[in-house]
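I opened this one with a fresh page and a few things to look up. My notes follow in the order I took them.

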Amino acid sequence: MARAVSTRRKTILTLVGWTVGFLIFFPILWTVLTSFKTEGEAIASPPSFLFFDWTSENYAEVQTRSDYGRHVMNSVVIAFGSTFLGLLIAIPAAWSMAFAPTKRTKDVLMWMLSTKMLPPVGVLVPIYLMFRDLGLLDTRSGLVVVMTLINLPIIVWMLYTYFKEIPGDILEAARMDGASLAKEIVHVLTPMAIPGIASTLLLNIIMAWNEAFWTLNLTAAKAAPLTAFIASYSSPEGLFYAKLSAASTMAIAPILIIGWFSQKQLVRGLTFGAVK
Amino acid sequence: MGSITLKDVNKSFGDVTIIPKLSLQIDEGEFVVFVGPSGCGKSTLLRLIAGLEDVTSGEITIDGRDATDLPPAKRRLSMVFQSYALYPHMSVRGNIAFPLKMAGEDKAVIEKKVAEAARVLNLTSYLDRKPRQLSGGQRQRVAIGRAIVRQPTAFLFDEPLSNLDAALRVNMRLEISELHQQLKTTMIYVTHDQVEAMTMADKIVVLNAGHIEQVGSPLELYRNPKNRFVAGFIGSPKMNFVEGAEAKKHGAAAIGVRPEHMNLSTASGAWSGTVTVAEHLGSDTFLHVQAEGIGLVTARASGEFGVHHGDRVFLTPEPGKIHRFDADGRAL
Amino acid sequence: MATLHTRSAARLMSAPAIILLLAWMIVPLTMTLYFSVLRYNLLMPGLEEYVGFLNYRYFLTDPAFLTALANTLLLVGGVIVITILGGIALALLLDQPFFGQGIVRLLVIAPFFVMPTVSALVWKNMLMHPVNGLFAWIAKSLGLQPYDFLAQAPLASIIAIVSWQWLPFATLILLTALQSLDEEQKEAAEMDGAGFVSKFIWIVLPHLARAITVVILIETIFLLSVFAEILVTTNGGPGYASTNITYLVYAQALLQFDVGGASAGGIIAVVLANIVAFFLIRLIGKNLEG
């Protein structure tokens, strides 16, 4: 906007904006604060906001007992594993759809997206039974497979939109300059596609890390990622708020940070490109 | 080196035919311009020569070898794209070196050739910049540098100046012509701007809906257009066409007179009319005259000719400069 | 743009993705259909028998089903209304320049990235808990009785939690759409004498219409399958007060081990989702032309 906004209006907006922002962010803030309190302090009434004895004992405790490390590893393996597997399958597919489209390409893409719209509950039973019979229940590999499949449509779709944005004539220039198909992909296409691939990667890691249906139903103790681990805190054990806060903070911190950096990709990916 | 022959080339996309049947000979070292209105197939033709599109039928021969099925990389041609198509993630140096890298040339050789191309095009101080840090004209030169460095059999230009502003366009026109004098390599140049065509070409190919209307030197096309289309396309402002009784007087279905071949007088002349718009450019004045029994006619006068909107003028077409056309538009 | 040299390679390259997704869709879905016409309980294996549409009849006439259906619609509808209205307001706010706007935007976006189980537990224990929660403390400070949100208004509480999670999504989408509004259009409207409210109604809102539609459709697709929040807070209770279709099917499958009945329920959920998906696909398809 070229016109200057009056200072008074700006001040009011600033106040309103920060109040709203604070209120919305408050539950997260409260969790982080509580994670540094003792258990007694955590349920004290009146609750303390900033002036209490900060302690890191909760973090230490959560990390040492209950195999917290293993659950983190599970989340990491499942999120990253399914993302890379997905990219491996999706990159060639998106390439061919973007650069060598046929009359059916659009229909195929739409169909792929429609598989993402399938409610998981519709296939819960057979997947559960198949996993049970194949010994895949409560295994990381089983979960990686499921995560890959449910996110594959979005990965293909996002890569497709990014590939389409690469100007065709730059690839033709490479061909004129004597590049074979392989060299064209390696020297020109991939470097130009890397920002798009990175965005897709980030978004997918976020979605796989936060997935809370299959991770809850197909795992027990061994392969449970953080989503399931936190869920196990749901039966009241009394006097555990601080530890729950510590576990939660650790579970959400990495994704919060990644998410803050990938807002634009989020819009593109989750609206299936309908809003850019 | 650099002779290209097209024989009975046809290009269709399914039911849509862009180029019905075209044959053309391009000689070594020529500067050939493909010119024509939008959609006439000139870019398609260029891309067929480049190998970026496959011919539906017909033959393309480059330097005596059949190139019809050869991929672009093997045809030893270089192309400068309308959008320059520079590699955004590489520096200017990287861009120019790329074709040599693809050919597997030795690093030292690449360095030398890149430096030489940069020198010729005044890019030496920009070698380490990325394309996004360059102006339009500079990017244009990088694209040309990338094309030169391979020492191709022929250069292909696809409307390279359309994205530049007017002043820059004039400069680049000169630079490309000079380049041609220097390198003496065949150049095939596509444009919709007939001024570019006239000033740069040894040979102009006028295309219309996939057909070649006429091939010839610029002056040949100007003086002896074979049909109405070419006559109206070449020359600015457009040639005046008159039909009806006046044309019959000359024994034709239509006659054509260029604005610069009209003699003007405020006293007497063959046609009389009223000035509707007078465009004063300083050096010339273009008058749009509603001539009685003739129609709207454009005439060029010297800048000194002081005539304004609403004045009465007389126009006389210069005798030897009246073009006659039959009912099908062919020149008589 | 492709010449013959690339077309055959292309077909090979999309094969794995297509085959895998085809298998993923067809195989389990067919099995669900198959199970739905059997009487099959995991506690009594080997006694399966074909019962036709019996499972469907039981499922659809079970009072729990109607409650679950109503709850599903309330949940989806409630969250959508809250997030769209809130999203528009927040988007308008964030579109204005003010100090620290970038940071406020990050604060507003944050809830979307918190995993559902953490969100649910934080709300349940630290905020809504009638003894230890923050809301209880606020009530007591005001001299009121603390309200047991999850016991006395389970569905509403879950709607609140899910809305908190999805508000950033709606805000982001609407903000993106808002910022794509041509500044010159707004200026033209001002020249024509439009004030803030008029500009909003006649220029901004129509422009946002498409984005709003997208938000509604996408949220519907995902909200039909809300699961973790229910599991972790109320387990669908008290009774069936906060059970949605997804949870009902889950309960039947993995808590009651009624494979047949759960499969029927699953198919019904698929049908519901398909209706929404139909419209969403059309909308996206139209956008693909652009």
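**Chain B, domains.** I began with the spacing of the two domains of chain B: their centres, taken over C-alpha atoms, are 38 Å apart. Domain 1 of chain B covers 4–231, and domain 2 of chain B covers 237–325. A reminder to myself before going on: this is a predicted model.

**Chain B, strand β3.** Next I asked how many of the 5 residues of β3(B) are buried. I found that 5 of the 5 residues in this strand, residues 31–35, are buried, so β3(B) is largely enclosed by the rest of the structure. I then looked at each face in turn. One side carries F31(B), V33(B) and V35(B), the other V32(B) and F34(B), and all of these are buried, which leaves both faces covered.

Which strands pair with β3(B)? I noted β8(B), residues 186–191, which pairs with β3(B) in the parallel sense over 5 bridges. Within that pairing, F34(B) stands opposite V190(B). I also noted β9(B), residues 203–208, which is parallel to β3(B) and joined to it by 4 bridges. There, V35(B) has V206(B) opposite.

**Chain B, strands β1, β4 and β5.** I moved on to an antiparallel set. Strand β1(B), residues 4–13, runs antiparallel to β4(B), residues 57–62, with 5 bridges joining them. I4(B) has I62(B) of β4(B) as its bridge partner. β4(B) also pairs with β5(B), residues 65–66, again in the antiparallel sense, over 2 bridges. In this pairing T61(B) is bridged to D66(B).

I wanted to see how the chain turns between β4(B) and β5(B). The hairpin has 2 residues between the strands, and D63(B) takes a positive phi near 55°.

**Chain B, helix α5.** Does the length of α5(B) match or miss what is expected of a helix with 18 residues? α5(B) covers residues 166–183, and at 1.5 Å a residue it should span 26 Å; its end C-alpha atoms are 26 Å apart, so the two agree. Just after α5(B) I found K184(B), with a positive phi near 60°.

**Where chain B meets chain A.** I looked up the contact between these two chains: 18 residues of chain B touch 15 residues of chain A. On the chain B side, the elements giving two or more residues are β6(B), 77–80, and α2(B), 92–102. By class, that side has 14 nonpolar, 3 polar and 1 charged residues.

**Chain A.** I turned to the fold of chain A and counted 13 helices and 0 strands. The pattern along its sequence is therefore easy to write down: α-α-α-α-α-α-α-α-α-α-α-α-α. Its radius of gyration is 23 Å, where a compact globule of 276 residues would have one near 19 Å. The C-alpha atoms fill a box of roughly 75 × 70 × 35 Å along the principal axes.

Of the 276 residues in chain A, 51% are buried. For contacts in chain A with a separation of 6 or more, I noted that 79% come from residues 24 or more positions apart. Chain A is divided into domain 1 (7–60) and domain 2 (67–234). The centres of these two domains of chain A, over C-alpha atoms, are separated by 36 Å.

**Where chain A meets chain C.** How many residues of chain A are in contact with chain C? I got 85 residues of chain A, in contact with 86 residues of chain C. On the chain A side, helix α1(A), residues 7–34, gives the largest share, 16 residues. That side of chain A divides into 63 nonpolar, 20 polar and 2 charged residues.

**Chain C.** My last stop was chain C, with 13 helices and 2 strands. Why do I call chain C more spread out than a compact globule? Its radius of gyration is 24 Å, well over the 19 Å that the globule rule gives for 290 residues, so chain C is more spread out than such a globule. The C-alpha atoms of chain C fill a box of roughly 80 × 75 × 30 Å along the principal axes. Buried residues are 45% of the 290 residues in chain C. Among contacts in chain C between residues at least 6 apart in sequence, 69% join residues at least 24 apart.

Note on methods
Residues numbered from 1 in each chain as written. Chains lettered and ligands numbered in written order. Predicted model: local features only at pLDDT ≥ 70, side-chain atom pairs only at ≥ 80, totals over all residues. Rg over C-alpha atoms; globule rule 2.2 N^0.38 Å. Buried ≥ 20, exposed ≤ 12 C-beta atoms within 10 Å, placed from the backbone. Contact = placed C-beta atoms within 7 Å. Nonpolar A, V, L, I, M, F, W, Y, C, P; charged D, E, K, R; others polar. Domains from an automatic or database assignment. Pairing = 2+ DSSP bridges. Expected span 1.5 Å × (residues − 1).
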